[in-house]
Amino acid sequence: MSSVLPRYIVVEGPIGVGKTTVVTRLAEQYKARTVLEIFEENPFLANFYQDQERYAFQTEMFFLLSRYRQQEDFAQEDLFGRIAVSDYLFVKCRLFASLTLNDHELSLYDRMYNILTTQVPKPDVVIHLTAPLDVLLGRIKQRGRSYEQNMDPAYLERLRSLYNQFFQHYEDTPLLEVDTTDIDFSRDDQALTNLMEMAAKCAPGTSGQ
Ligand SMILES: Nc1ncnc2c1ncn2[C@@H]1O[C@H](COP(=O)(O)OP(=O)(O)OP(=O)(O)O)[C@@H](O)[C@H]1O
Ligand SMILES: Nc1nc(=O)c2ncn([C@H]3C[C@H](O)[C@@H](CO)O3)c2[nH]1
């Protein structure tokens, strides 16, 4: 492929769809650097899955502040010559918060979110990965993180449709939507190459030729 590749690519989509898989495989194939979400550090996450109402605010604040910190570091690094690939958009924080927080919590949350979001670097292209609910549940089960095993399918479905709605109206950057039901990016090298070609065609100032 002789195309000019996008410099900063974000991969998004609901829980278990395969974001991290795609990002790490792209990073291997294109010697890119990664900006991966650090969810293991969130001390509230396992409790959140036990009792969402009680732990939602702490969980969302922790994700918001730690992602902000990570984006701040990323913005200061010299990207020259190297592609960067991330498994989240900053707005992910706000999407989850809108699902999990009550009205009072959300209005307090927004005061912080609206200040922080202005500083965040914008990708050249966003890849939105999709899959039906049963496929997501299957991947989450197969991955086997203990605290996710009793995830309410209704929660995952609300998140899935929130992502679909959000990207239907998304205009901030070029967008590529990919149904992953029958594509296994963890094994299929050609699928990964095709994905990068499509992303390059989408991004401004680049060409997939
Ligand atoms: N296209 C695919 N086909 C089949 N299995 C996949 C595919 N992509 C990822 N998987 C598998 O599904 C599971 C979830 O993938 P992954 O951890 O990459 O999802 P994620 O979107 O990053 O999840 P999270 O939102 O929790 O961070 C993993 O076990 C992975 O190996
Ligand atoms: N409540 C909540 N808010 C977020 O911003 C958020 N981002 C990720 N997650 C959960 C999904 C996976 O279990 C796990 C890894 O993505 O962390 C979140 N949960």
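A residue counts as near a molecule if its C-beta atom, placed from the backbone, lies within 6 Å of it. Keep that cut-off handy for these exercises on a predicted model.

**Exercise 1. Work out what surrounds ligand 2: how many residues, which are closest, and which helices supply them.**

Step 1: Apply the cut-off, and you get 13 residues around ligand 2.
Step 2: Pick out the closest, which are Ile15, Phe39, Thr59, Phe63 and Phe96.
Step 3: Now look at the helices. α2 (45–50), α3 (52–76) and α4 (92–100) each give at least two residues to this shell, and α4 has the largest share with 4 residues.
Step 4: Sort the shell by class, and it splits into 7 nonpolar, 2 polar and 4 charged residues.

**Exercise 2. Do the job again for ligand 1: which residues come nearest, and which elements give two or more?**

Step 1: There are 17 residues around ligand 1, and Gly18, Lys19, Thr20, Thr21 and Arg139 come nearest.
Step 2: The elements giving two or more residues to that shell are α1 (19–30) and α6 (133–143).
Step 3: Class by class, the ligand 1 shell holds 4 nonpolar, 8 polar and 5 charged residues.

**Exercise 3. Trace the sheet: in what order do the strands lie, and which ones sit at the edges?**

Step 1: Follow the pairing across the open sheet, and its 5 strands read β2-β3-β1-β4-β5, with parallel pairing.
Step 2: β2 (33–35) and β5 (175–179) are the edge strands, each pairing on one side only.
Step 3: Check the twist: neighbouring strands here are turned by 20° against each other on average, direction ignored.
Step 4: Zoom in on β2. It is joined to the parallel strand β3 (residues 84–86) by 3 bridges, and threonine 34 stands opposite valine 85 in β3.

Definitions and conventions
Residues numbered from 1 in each chain as written. Chains lettered and ligands numbered in written order. Predicted model: local features only at pLDDT ≥ 70, side-chain atom pairs only at ≥ 80, totals over all residues. Nonpolar A, V, L, I, M, F, W, Y, C, P; charged D, E, K, R; others polar. Pairing = 2+ DSSP bridges. Axes fitted to C-alpha atoms, helices over the stretch in contact; angles between N-to-C directions.
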